[in-house]
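Dear colleague,

Please find below the structure I promised to hand over to you. My notes on what was found in it follow directly after.

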Amino acid sequence: AQVLAADQDGRPVLVENRVGQGKVWMLTAGEYWGHAALDELRAQMGARLTGLHAPEIHISGDTEDVDFHRFRDDHGCRVVLLNTDWTSAGNAKSVTLHTPVLDIPLQVIEGALTQIMIRDDVAVVFASPPALVSALTVDPNAISFQAGGTGQSQIRLFSRRGIACASESCSVHVINDNQVVFDIDFGPTWNTRGIEQYTISR
């Protein structure tokens, strides 16, 4: 067994023991786990476990009030972030979404869902409301997705490989070789008939 934490007198408080291919941690403190006296120990354990077992897709930065949800499907996954700091309307939390191949800086705005569709080395970022993106497809030469919404919306596309883009249906800004921004005006009511397809050659 290995002592991971000890009290001021050197007595073990947290002990690790290997069992098969795994590890077991035993807390020897005589206090209830939620007791305030263990706040610092819980914080240190959380940081250590997060470092050891960070999931494949996770966020870092100002994450304290950001809910993180990940949904898998046959085409990749969708990440949904919600800023739950309701102390001031429209406040933003700066986080970075980490995937196996991308690090995506995000501003998670209170009052809207920040959604990220991920497939292979591609991510599409948008806020709901006002937009909804679906049908993300990735092949060796192109990326495409469908978008619908109301009013003005900005949709960002990230890819590890260089991307070049042109669109006749919306304003496109190439930020760098790995990021493109689409400014879309869907109109005053939800645009379901005019959901548009964008193709990005790479």
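Strand β11 (residues 131–139) pairs with β12 in the antiparallel sense over 7 bridges. The two strands are joined by a hairpin, with 2 residues leading from β11 to β12. Within this pairing, Ser134 stands opposite Gln146 in β12. Please bear in mind throughout that the model is predicted.

Strand β12 is largely enclosed by the rest of the structure, because 7 of its 8 residues are buried. One residue of this strand, Phe145, has a relative accessible area of 0% and is buried. Phe145 also takes part in the 1 aromatic pair that the structure holds. Its partner is Phe182: the ring centres lie 5.6 Å apart and the planes stand at 80 degrees, so the pair is edge-to-face. The contact links distant parts of the chain, since Phe145 belongs to strand β12 (residues 142–149) and Phe182 to strand β16 (residues 179–185), 37 residues apart. Phe182 likewise counts as buried, at 0% relative accessibility.

The loop that precedes β11 deserves your attention for its peptide bonds. Pro129 lies in this loop, between β10 (122–128) and β11, and the bond that reaches Pro129 from Ser128 is cis, with omega near -10 degrees. Pro130 is found in the loop between β10 and β11 as well; the bond from Pro129 to Pro130 is cis, with omega near 15 degrees.

Two residues other than glycine have a positive phi and may be worth inspecting. Asp120, in the loop between β9 (113–119) and β10, has a phi of about 55 degrees and is exposed, with a relative accessible area of 56%. Ala135 is found in strand β11, with phi near 55 degrees; at 41% relative accessibility, Ala135 counts as partly exposed.

Finally, there is an open sheet of 3 strands in the order β4-β7-β8, with antiparallel pairing. Its edge strands are β4 (58–61) and β8 (103–109), each of which pairs on one side only. On average, neighbouring strands of this sheet are turned by 35 degrees against each other, direction ignored. Strand β7 (residues 92–98) pairs with β8 in the antiparallel sense over 7 bridges, and Thr96 has Pro105 in β8 as its bridge partner.

With kind regards

Technical notes. Residues are numbered from 1 along each chain as its sequence is written. This is a predicted model: local features need pLDDT of at least 70, side-chain atom pairs count only at pLDDT 80 or more; totals for chains, interfaces and linings use all residues. Side-chain values use heavy atoms; hydrogens and water are left out. Rings of Phe, Tyr and Trp (its six-membered ring) pair if their centres lie within 6.5 Å; planes under 30 degrees apart count as stacked, over 60 as edge-to-face and the rest as tilted. Helices (H or I, at least four residues) and strands (E, at least two) are DSSP runs, numbered from the N terminus. Buried means under 20% relative accessible area, exposed over 50%, partly exposed in between (1.4 Å probe, protein chains only). Two strands pair if DSSP finds at least two bridges between them. Axes are lines fitted to C-alpha atoms, for helices over the stretch in contact, and angles run from 0 to 180 degrees between N-to-C directions.
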